[in-house]
Amino acid sequence: MIRRFFIGIYLCRPQRSYAIFRFLVTVFLLFRRRRHWLLWRPLQPEALVENIRSLGASFLKLAQVLATRADFFDQDYLQALRQLHDRMPAMSDRHRRRSFRRAFPDPDVFSAFDEQPLASASIGQVHKARLRASGETVAVKLVREHIQFQVRIDILLLNLFLKLFRRLFSDQTRHSIESVLQAFTRVILQEVSMHQELANLEHFSQVYASAGVRFPVPHQEYCSDHALVMSFEEGIRIDDVEAMARLEVSFNDLMRKLVLFYTEQMLVKGFFHADPHPGNLLVSPAGELILLDFGMVSRIPQSMRQAMIYAVKAAYERDFELLVSATRKMGILTEEADPRTLSGIAEGLFEIFDSEHLDASSMQELAFGVLNVLHDQPFKLPQDVIYVMRVSSLIEGLGTQYIENFNGIKDILPILQQNLPRALGEDGLGLERLRREFLQLPLTAMRARKVVELAEQGELVVRMAPADRQYLLERVGKSVRILGRLIFFLAMAFYFQQLGQRWSLYVSVACLLAAGITLFRKR
């Protein structure tokens with residue numbers, strides 16, 4: 001307890017707190033496209049990277065989230081942030097021994113344990129070991145000492161500074177930044193808990209058992225919140241071109257399997273691996289695809305999955321109404337978007353998805369094209385959409401390494417199109433589907449009558465999307481606050497006018513002016 005107290009003081013020291021402040025000021029200024037705020041200007045890309053490195057594990061993870069946000073940063077900053085790798089020096093022998101004793105009170109569970117880690121990251125490190133009971137070779141993921149406590153302190157400091165900045169952000173800016181920090185908080189708390197990673201691994205193994213992808217097998221009896229013990233998977237990184245050439249494995253088959261796997265995750269099941277990078281993808285000597293590291297796992301709600309599908313479908317079919325509806329459901333376009341400009345936005349998106357343009361574009365160019373069209377509009381990119389962009393970037397990066405003239409749009413979209421009916425739940429077409437729909441007609445008629453009855457009785461409840469509900473509540477709250485200030489200034493003006501003193505007349509006029517300014521600002 002005393003040690004944690006001193007660790008907390010160290011993490012909250014003035015120099016580190018100021019570094020966090022400068023980091024957030026830089027994000028704020030870059031997002032708002034402003035040159036300065038009071039005395040502070042945004043850090044240059046190199047200085048921002050050094051700032052993040054000095055802040056440690058939590059902020060390295062946050063930088064990984066920010067490195068996907070093309071709506072926040074320009075290319076110079078994105079390039080610098082992508083150079084930040086989640087690689088850290090290995091724990092000292094003393095810290096490693098303490099972490100090992102905390103995870104394994106009985107050290108005799110292993111007949112051999114390699115002290116040199118296979119990999120070392122900000123959250124923990126992985127060692128190779130052998131179980132005494134079975135003689136099986138396993139991988140042991142040890143969590144760094146006090147990392148959970150450090151992460152919670154960093155989240156506390158981030159939220160504290162965000163509250164201080166809250167008044168400086170517009171609604172659009174605040175929602176976007178808050179959504180990023182919420183996603184970061186959720187992900188980082190998952191990553192520092194080995195119980196959560198174990199649950200993710202087991203759930204993945206069950207849900208995607210028939211996906212043709214191999215996952216490590218956990219040994220639950222040895223796992224705890226401080227360590228994860230699982231089967232040792234041998235393979236080469238999927239981006240190791242020379243080693244892959246020696247395997248004589250068809251990369252086209254691997255690519256198709258990878259695309260189908262992520263399509264299944266993100267559009268059909270909605271339960272997906274949120275940390276897609278080549279280090280987490282291995283290929284076994286037999287040509288099997290192996291997925292590692294289940295610390296970052298997330299879910300995409302069915303409504304979001306369908307909205308993403310319909311947005312792409314609308315862009316292909318040049319369906320303006322469907323496109324606007326889908327982008328609103330996704331939370332990209334807010335209610336503040338001017339309806340008169342939506343047709344222009346739609347035309348811009350239709351042009352991007354034109355077949356000739358797609359043939360000459362990459363996934364990244366497509367994403368930046370969409371962002372450029374939306375740049376001047378009140379929009380925000382939900383984190384779910386960002387995850388899709390990360391997966392697209394991974395697949396295209398691998399494709400260009402192995403396949404000559406690989407084009408992410410032309411080569412991947414046909415596979416997606418074949419699987420859209422499954423994602424929309426429309427894969428059961430034919431006589432069986434028609435029979436089911438016919439049998440449900442009486443139930444549909446009963447539901448329709450129920451809706452009419454509720455409307456007649458004045459008890460019909462209309463549910464709104466969370467983003468629309470939040471927007472409405474904030475607009476109403478803002479109007480109520482303005483009305484309250486207006487009533488206050490008018491009441492004070494009449495009160496001081498009745499006093500009949502010379503000075504009170506001046507105060508009354510000042511209150512009337514304040515009421516007029518409040519009303520003018522509202523308009």
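The legends below describe close-up views of charged residues in a predicted model.

In this predicted model, local features need pLDDT of at least 70 and side-chain atom pairs count only at pLDDT 80 or more, while totals for chains, interfaces and linings use all residues. Residues are numbered from 1 along each chain as its sequence is written, and side-chain values use heavy atoms, with hydrogens and water left out.

**View 1. A salt bridge within helix 6 joins D93 and R96.** A salt bridge is a side-chain nitrogen of Lys or Arg within 4 Å of a carboxyl oxygen of Asp or Glu, and the structure holds ten of them. Between D93 and R96, the closest N and O atoms are 3.4 Å apart. Both residues belong to helix 6 (residues 93-103), where they stand three residues apart, about one turn of the helix. Helices (H or I, at least four residues) and strands (E, at least two) are DSSP runs, numbered from the N terminus. D93 is partly exposed, with a relative accessible area of 44%, whereas R96 is buried at 6%. Here buried means under 20% relative accessible area, exposed over 50%, and partly exposed in between (1.4 Å probe, protein chains only).

**View 2. R96 also forms a salt bridge with E115.** The closest N and O atoms of this pair are 3.6 Å apart. The pair links distant parts of the chain, 19 residues apart: R96 lies in helix 6, and E115 in the loop between strand 1 (110-113) and strand 2 (119-120). E115 counts as exposed, at 53% relative accessibility. D93, R96 and E115 are thus linked in a network of salt bridges.

**View 3. The side chains of E145 and R98 meet in a salt bridge.** The N to O distance is 2.6 Å. E145 lies in the loop between strand 4 (137-143) and helix 7 (147-165) and R98 lies in helix 6, so the salt bridge ties together parts that are 47 residues apart in sequence. E145 is buried, with a relative accessible area of 19%, and R98 is partly exposed, at 21%.

**View 4. R475, K478, R481, R485 and R521 gather in a patch of positive charge on the surface.** Such a patch is made of residues with over 30% relative accessible area and no salt bridge, like charges being joined within 9 Å. Lys and Arg count as positive, and the place of a charge is taken as NZ of Lys or CZ of Arg. Helix 21 (residues 466-499) gives the most to the patch, with four residues. R521 is placed in helix 22 (residues 502-522) and is exposed, with a relative accessible area of 72%.

Terms used
Patches are made of residues with over 30% relative accessible area and no salt bridge: like charges are joined within 9 Å, nonpolar side chains (Val, Leu, Ile, Met, Phe, Trp, Tyr) within 5 Å. Accessible areas come from the Shrake-Rupley method with a 1.4 Å probe; for residues, only the protein chains shown count as cover.
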